[in-house]
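Student: Please give me a close look at one part of this chain, and then follow its connections into the rest of the structure. I should like the cut-offs behind each term to be stated as you go.

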Amino acid sequence: YQNGGNPYIGDLPWFIVVLFRGYHELYMVDGDPKYINAIIAMADRAWNEQRDSNGLFNKAWTGRETPEDEPSWLLDEACMAELYLRIALIKGENNSM
């Protein structure tokens, strides 16, 4: 975790979604939502705070400032659809989250 209690997640959103696949599988086995909740919190932060003026996500989920003129990657945008789908599946499996 970084200062302020935010988990460290590198600046590669597509990789985080690949990692989330593994966390989802782990959750299905052990029922502990610790890791998926950390990524869900960061996805919420990315949605609320880490998008440019066009609504596109930037790479900095860690709260690092990203210059407005930094180009967005299609891969970083497309992975968010998978991430939100997986989050919806998990929340549908366990309504107590």
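Tutor: **The second loop and the helices around it**

Arginine 51 sits in the loop between α2 and α3; helices (H or I, at least four residues) and strands (E, at least two) are DSSP runs, numbered from the N terminus. The model is a predicted one, in which local features need pLDDT of at least 70 and side-chain atom pairs count only at pLDDT 80 or more, while totals for chains, interfaces and linings use all residues. Residues are numbered from 1 along each chain as its sequence is written, and side-chain values use heavy atoms, with hydrogens and water left out.

Arginine 51 counts as partly exposed because its relative accessibility is 32%; buried means under 20% relative accessible area, exposed over 50%, and partly exposed in between (1.4 Å probe, protein chains only). In the sequence 21 residues separate arginine 51 from serine 72, yet their C-alpha atoms are 9.7 Å apart in space. Aspartate 52 also belongs to this loop, which runs between α2 (34-49) and α3 (74-93). Aspartate 52 has a relative accessibility of 16% and therefore counts as buried. Its C-alpha lies 9.4 Å from that of glutamate 70, a residue 18 positions away in the sequence.

The loop has its setting in a chain of 3 helices and 0 strands, which gives the pattern α-α-α along the sequence. Of the 97 residues in the protein chain, 32% are buried.

Helix α2, on one side of the loop, has 16 residues and spans 22 Å from first to last C-alpha, close to the 22 Å expected at 1.5 Å a residue; the expected span of a helix is 1.5 Å times one less than its number of residues. Its buried residues are Ile36, Ala38, Ile39, Ile40, Met42, Ala43 and Ala46. Helix α2 also holds a charged pair, since glutamate 49 forms a salt bridge with arginine 45, with the closest N and O atoms 3.3 Å apart; a salt bridge is a side-chain nitrogen of Lys or Arg within 4 Å of a carboxyl oxygen of Asp or Glu. Glutamate 49 and arginine 45 are 4 residues apart in α2, about one turn of the helix. An α-helix has 3.6 residues a turn, so residues three or four places apart point the same way.

On the other side of the loop, helix α3 contains a pair with this spacing: arginine 86 and glutamate 82 lie 4 residues apart, about one turn of the helix. Their side chains meet in a salt bridge at 3.0 Å, N to O. Glutamate 82 also pairs with arginine 21, the closest N and O atoms being 2.7 Å apart. That second pair links distant parts of the chain, as glutamate 82 is in α3 and arginine 21 is in α1, 61 residues apart. Arg21, Glu82 and Arg86 are thus linked in a network of salt bridges, and the whole structure has 3 salt bridges. Glutamate 82 is partly exposed because its relative accessibility is 23%, and arginine 21 is partly exposed at 35%.

Helix α1 (residues 13-30) has 18 residues and reaches 25 Å between its end C-alpha atoms, close to the 26 Å expected at 1.5 Å a residue. Pro13, Ile16, Val17, Phe20, His24 and Tyr27 are its buried residues. They cover an arc of only 95° around the axis, so they lie on the same side of α1; the arc is that of the directions from the helix axis to the C-beta atoms. The face turned away from this buried side carries the exposed residues Glu25 and Val29. Just after α1, glycine 31 takes a positive phi of about 70°.

The largest nonpolar core has 15 residues, and those with the most contacts inside it are Phe20, Ile36, Ile39, Met80, Leu83, Ile87 and Ile90. Such a core is a set of buried Ala, Val, Leu, Ile, Met, Phe, Trp, Tyr and Cys residues joined through side-chain atoms within 4.5 Å. Helices α1, α2 and α3 each supply at least two residues of this core.
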